[in-house]
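Hello,

Here is the structure I said I would pass on. My notes on its pockets and aromatic rings follow below it.

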Amino acid sequence: MPLTRKAYRAAILHSIADPAEVGIEASYEYFEDGLLVIDDGKISALGHASELLPTLPADIEINHYQDALITPGFIDTHIHLPQTGMVGSYGEQLLDWLNTYTFPCESQFGDKAHADEVAEIFIKELLRNGTTTALVFGSVHPQSVNSFFEAAEKLDLRMIAGKVMMDRNAPDYLVDTAESSYVDSKALIERWHGKGRLHYAVTPRFAPTSTPEQLTLAGQLLTEYPDLYMQTHISENLKEIEWVKELFPERKGYLDVYDHYQLLGERSVFAHGVHLCDEECARLAETGSAISFCPTSNLFLGSGLFNLPMAEKHKLNVGLGTDVGGGTSFSLLQTLNEAYKVMQLQGARLSPFKSLYLATLGGARALRLEDKIGNLQPGSDADFLVLDYNATPLLSYRLKQSNNIAETLFVLMTLGDDRTVQQTYAAGALVHQR
């Protein structure tokens, strides 16, 4: 079978390390006139067009983009599929918001037709916004995850998802049991985990909605299948933290609840972490766990400001999450716009190269997938984007004033949104064209 080889020529930028660890200059590679060569869904070469073009066969198809930037696909480390239909719901903090909007919306996902329809809309939105990998919460219904994975599999996307486990402190129409959540999760794992580019995440919603029995079984699943993911929420909202203390008085804090049930580990991702202390950050780092920083949602629900410098001090893996529907945009460019402001409010800086890292390689490291996604190194999956410098009249005008790639990148993250994403590629295939 002949290789399907294609090349893409444009300005090309990707992260190769965390700026907090190696400094900004050593954290990225930029090719002003670059070439990306793809063979059978993988990146086979990356470099300056002038150096690579002479090495290629004369008949190779080359897509040449003017006024555009190629980057790795974006990685969203925290998002809720069943909340697509209630994004942008008015005026509540976390716990009231869940009861008023979220739970009623999630109740519809027992219906296969509804789950299929939303899964299609959700995946289209991800790809329109340049997100090629996401860590996704389903609803309590196994159908929500089946529908999502069926849609993702058709496009050969690298996606991670799980059925929510929730057996208390939620409406009767939306709870499972400790035993049924274990059995349903196991069936989904057997069907989907490791199939193509799909992975399963054990998904207790958060400590208040799971009994000790359910959390014990969540930990058991992680022991039975060592390469599973685990996703949940932590320390998002002050009232939520107080509630956890009331429900688990025997534990020394919120993180200790999860620690006790053996839910920390190298593939465990905790969303938010707005109110973590130094000791908790140190414990997360020690166990190889990661945090998903969700600035848009934290501002929208009034939850607080994530302390990125503290996470960096502990060398804690941090990815970026849109947290739709608490977050109000599928766009990681828009999410980085908010992340910059969250840092500004704390007197800290967020460089555009750190932002790029969070949206790509940082997310890949949080998911332990940095050998497959997150940058454009040869051997990686060919998940990449073409960002259009002329996507809007204002962006076009503003970028003509730009003096360097740092400024260009920052403007893309400040003024950019789904319109900026001209094309999205997954495993070398075009999956979105604006």
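The lining of the second largest pocket has 7 charged residues, along with 4 nonpolar and 3 polar ones. Please keep in mind that this is a predicted model. The volume of this second largest pocket is about 260 Å³. It is lined by 14 residues, and K252, G253, L255, D256 and E280 are the closest to its centre. Three helices each supply at least two residues of that lining: helix 8 (238-247), helix 9 (254-260) and helix 10 (278-286). Helix 9 gives the most, with 4 residues.

Helix 9 also takes part in an aromatic pair. Y258 in helix 9 and F270 form a tilted pair, with 5.5 Å from centre to centre and 45 degrees between the planes. The pair links distant parts of the chain, since F270 is in strand 11 (residues 268-272), 12 residues apart from Y258. Y258 and F270 are both buried.

Now the largest pocket. Its volume is about 360 Å³. Of the 19 residues in its lining, A11, Q66, D67, A68 and Y389 are the closest to the centre. By class, this lining has 8 nonpolar, 6 polar and 5 charged residues. Both strands and helices contribute: strand 1 (5-15), strand 2 (28-39), strand 4 (61-72), helix 16 (393-400) and helix 17 (405-415) each supply at least two residues. Strand 4 provides the largest share of the lining, 5 residues.

Back to the rings. The structure holds 13 aromatic pairs. One of them is F148 with F149, which counts as tilted because the ring planes are at 45 degrees, with the centres 5.7 Å apart. F148 and F149 are both buried. These two residues also belong to a cluster, in which ring pairs link F122, F148, F149, W192 and F330.

One contact of another kind is on my list: R267 lies over the face of Y229, at 6.0 Å from the ring centre.

If you want a place to start in the viewer, try the second largest pocket and go from helix 9, which gives 4 residues to its lining, to Y258 and its partner F270. After that, turn to strand 4, with its 5 residues in the lining of the largest pocket, and then to the ring cluster that includes F148 and F149.

Regards

Technical notes:
Residues numbered from 1 in each chain as written. Predicted model: local features only at pLDDT ≥ 70, side-chain atom pairs only at ≥ 80, totals over all residues. Heavy atoms only, no water. 1 Å grid on protein atoms, 1.4 Å probe; cavity = no way out; pocket = protein on both sides within 12 Å on 5 of 7 lines; lining within 4 Å. Points joined across faces, edges and corners; volume = space filled by probe spheres on them. Nonpolar A, V, L, I, M, F, W, Y, C, P; charged D, E, K, R; others polar. Phe/Tyr/Trp six-rings, centres within 6.5 Å; stacked < 30°, edge-to-face > 60°. Buried < 20%, exposed > 50% of the residue type's maximum accessible area, 1.4 Å probe, protein only. Lys NZ or Arg CZ within 6 Å of the ring centre and 35° of its normal.
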